[in-house]
Amino acid sequence: MTINVLFAAKSERWETYEQPLRRALADAGLDARLSMDFPPAEVDYIVYAPNSDLQDFTPYTRAKAVLNLWAGVENVVGNDTLKIPLARMVDPGLTKGMVEWVTGHVMRYHLGLDTDITRSDARWEPRTPPLAQERSVVMLGLGALGSAAAKLLAEIGFQVTGWSRSPREVAGVTCLHGEEGLKQALGRAEIAVLLLPDTPATENTLNRETLALMPRGAFIINPGRGPLIDDDALIEALDSGQIAHATLDVFRTEPLPQDHPYWAHPGVTVTPHIAAETRATTAARSVAENIRRGESGEAFLNLVDRDLGY
């Protein structure tokens, strides 16, 4: 029986994903038809972007799963019409991109590269950069992205502490969890990287109280989600010197409004949500593998826990 796979995303995404998905489905040995326009009752799987026009899943009575194209699911997990399994995107290409971006910005702060990059005078000031083993880096969030980035930083030699809401184990990383674990982690966070999901429980993880726990002059890197940080509290911490600098890739409103104080603040580097992007070729293979699993009766990969929100 032919499998009908609905691609429910913006038209420009169709142009990017159509051929990689067709190849991946064929390589997986699946007899599948891929289209942006099937009668809802004939759809077997939905390849989905939360900003698509499809918001009511009720008519899709035959569908077996919704396969998200985004790593984040906060814009779909609460949809009351979605009753079938929802899988988030775990894309090897996206993971590699995130690890490289995080590592680059950690090294920027660790080595103090801005001192020479932004130099505007002719002062010759030799200095001895620290070794990675002399620097404590804290990864807030130990999902697929956080764990991968934490492992590489640990391999480089950094003292890496990871924190998550529930217990985790990551090779080479000191793992903490829960409220007390967060306090311990932040107390040693010379550089903090945020890769938590956006849920009610993670909103404002960094606020006035938690920012005050960090070593004075610490650095923050946020490629996770904008709501993880209380913006007003961060600006206060930057102005006081509690936080030396922050690199922010994600924001509560995107694009970041032109009048937002982050743009002009000397202690903030704004990047336009570029830390990691799903790569069509590798993401298509992940989608095809989940469809193969669904057809063979195997468990889907990367299923979302509706109660946790990720």
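Helix α2 meets helix α4 through Leu94, Thr95, Met98, Val99, Val102, Thr103 and Val106, which touch Ala144, Leu145, Ala148, Ala149, Leu152, Leu153 and Ile156. Contact means heavy atoms within 4.5 Å. By class, this contact has 12 nonpolar, two polar and no charged residues. Ala, Val, Leu, Ile, Met, Phe, Trp, Tyr, Cys and Pro count as nonpolar, Asp, Glu, Lys and Arg as charged, and the others, Gly among them, as polar.

This is a predicted model: local features need pLDDT of at least 70, side-chain atom pairs need 80 or more, and totals for chains, interfaces and linings use all residues. Numbering starts from 1 along each chain as its sequence is written, and side-chain values use heavy atoms, without hydrogens and water.

The axes of α2 (residues 92-111) and α4 (residues 144-156) come within 9 Å and cross at roughly 50 degrees. That makes α2 oblique to α4 (not under 35 degrees, over 145 or 65 to 115). The crossing is right-handed, with the near helix turned clockwise from the far one by less than a right angle.

Aromatic rings pair if their centres lie within 6.5 Å. The count comes to five aromatic pairs. One of them is stacked (planes under 30 degrees apart). Its two residues are tabulated here.

| Residue | Element | Burial |
|---|---|---|
| Tyrosine 109 | helix α2 | buried |
| Phenylalanine 219 | strand β10 (residues 218-222) | buried |

Buried means under 20% relative accessible area (1.4 Å probe, protein chains only). The ring centres of tyrosine 109 and phenylalanine 219 are 4.4 Å apart, with planes at 20 degrees. The two residues are 110 residues apart in the chain. Elsewhere, Phe7, Trp14 and Tyr17 form one aromatic cluster.

Conventions:
Axes are lines fitted to C-alpha atoms, for helices over the stretch in contact, and angles run from 0 to 180 degrees between N-to-C directions. Helices (H or I, at least four residues) and strands (E, at least two) are DSSP runs, numbered from the N terminus. Rings of Phe, Tyr and Trp (its six-membered ring) pair if their centres lie within 6.5 Å; planes under 30 degrees apart count as stacked, over 60 as edge-to-face and the rest as tilted. Buried means under 20% relative accessible area, exposed over 50%, partly exposed in between (1.4 Å probe, protein chains only).
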